[in-house]
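Trainee: Could you take me on a close look at the charged pairs in this one? I would love a connected tour that also shows me what lies around them in the chain.

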Amino acid sequence: MRFSLQSIGLVGLFALLAVGLPECSNTLAFYNPNLRTACYKATWFLVPVPIEAVQSLVPYPLITPPFSDGSLFPTGFPPGTHPVLVASGIQRDIRMANLQIDTLLGGYVLVPWVDRLRDGKTPFHYAIRNYIGGENDNDLEAGVPTAVGTVTGTTILIASFSPNDDAFALVASNPPQFSAQVKNVIIRNILSGPSVIPEAYDFNFFTAITPLYTERTIRTTLNQPQILNNQLLCQLNAYFFNETFAEPELREGNVTLYGPPAGALPSALAGRYVRQGGLSAKAQMLGYNPEGCESAAARVDPRSLE
């Protein structure tokens, strides 16, 4: 796979700099040595949240997704709700120029289909939370990417992931059942006394027998530019799933989003969402630098959507 791209950005540094692992190798860095690239092994879920609750968190109008398109929403979508995209995974072989990071864990909660241009048709992401963490809970590994991301327009928080060395864990075998969990690290007390690490969200899932969505649903929802903190600039991070090791698996499972007082997410999203649809896969990630929102939208590569 070869792409000729000029610069990059970061929608969560969830894909930056490193040494490839056979199970999830960075195949874009050789052709794009000055761009931020990585392989991201992750699970993405779409969660239906009441429209009013989602709109209360987003300073732009929402675009109604094409729920009547059977290639994206073969079973439709719950009335009166808007999709929220939740992800958890591990980034391998993260590279940019001479900089390399072997492994980071990354996750996010995003509102897709946001009308940043107010044209009623061009979708963007609005970030609710971006999280990264070091492998085996090594917070120092996440410190620099967190600081860089926040300075360049994407607020990123340090998190603890379970498992802390893979995208998800096998917790039962008949049928195979998987889990993943993300917690926001506020204070990690490694010497004595309590730590402050509230839950953000967790997944408990199976391979879907009757999928709610298609692979194209997740690709189309995922490959939208993100509105940055100052709301003047946006950033496209492209995800490609066309390598032989992508191994996509449509999922069905429960997603729990934790709100106050004990949780890390806004109360508008808090809840247990049962039998939701998602996708586990390994994606090649390529980010652009922050730019005007119209320019970021124009960069969306049709190959990332198919």
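To begin with, how many salt bridges does the count come to?

Mentor: Happy to. The count comes to 9 salt bridges, where a salt bridge is a side-chain nitrogen of Lys or Arg within 4 Å of a carboxyl oxygen of Asp or Glu. Keep in mind that this is a predicted model: local features need pLDDT of at least 70, side-chain atom pairs count only at pLDDT 80 or more, and totals for chains, interfaces and linings use all residues. Residues are numbered from 1 along each chain as its sequence is written, and side-chain values use heavy atoms, with hydrogens and water left out.

Let us start with D69 and R216, one of these pairs, whose side chains meet with 3.9 Å from N to O. This pair connects distant parts of the chain, 147 residues apart. D69 sits in the loop between α1 (51-55) and β2, while R216 belongs to helix α3, which covers residues 215-222. Here helices (H or I, at least four residues) and strands (E, at least two) are DSSP runs, numbered from the N terminus. D69 counts as partly exposed because its relative accessibility is 27%, and R216 has 26% and therefore counts as partly exposed too. The cut-offs are under 20% relative accessible area for buried and over 50% for exposed, with partly exposed in between (1.4 Å probe, protein chains only).

Staying in helix α3, we find another salt bridge, between E215 and R219, with the closest N and O atoms 3.3 Å apart. These two are 4 residues apart in the helix, so about one helical turn separates E215 from R219. E215 has a relative accessibility of 30% and is thus partly exposed, whereas R219, at 11%, counts as buried.

Further along the chain, D301 pairs with R303, and their closest N and O atoms are 2.8 Å apart. Here too the partners fall in separate classes. D301 is buried at 14% relative accessibility, while R303 is partly exposed with a relative accessible area of 48%.

Now for the covalent links. A search of the whole structure finds 2 disulfides, a disulfide being a pair of cysteine sulfur atoms within 2.5 Å. With the bonded cysteines counted along the chain, the pattern is 1-2, 3-4.

One disulfide joins C24 to C39, with 1.9 Å from S to S. The torsion about its S-S bond is about -90 degrees, so the link of C24 and C39 is left-handed. C24 lies in the segment before β1 (36-50) and C39 lies in strand β1 itself, so the disulfide ties together parts that are 15 residues apart in sequence. Both C24 and C39 are buried.

The other joins C234 to C293, with 2.0 Å from S to S. This link is right-handed, with 75 degrees about the S-S bond. It brings in distant parts of the chain, 59 residues apart: C234 in strand β10 (residues 233-235) and C293 in helix α4 (residues 293-298). C234 has 0% relative accessibility and so counts as buried, and C293 is buried as well, at 6%.

Just ahead of strand β10 there is a backbone detail to look at. Q231 lies in the loop between β9 (226-227) and β10, and its phi is near 65 degrees, a positive value in a residue other than glycine. Q231 is partly exposed at 26% relative accessibility. D93 has a positive phi too, near 55 degrees, and is likewise not a glycine. D93, however, is in strand β2 (residues 81-96) and counts as buried at 1% relative accessibility.

To finish the backbone, turn to the prolines. The peptide bond from S162 to P163 is cis, with omega near 0 degrees, and P163 is in the loop between β5 (157-162) and β6 (169-173). The peptide bond from P260 to P261 is cis as well, with omega near 5 degrees. P261 is in the loop between β12 (249-257) and β13 (271-287).

Going back to your charged pairs, helix α3 is a good place to return to on your screen: R216 in that helix reaches D69 in a distant part of the chain, while E215 and R219 pair within the helix, about one helical turn apart.
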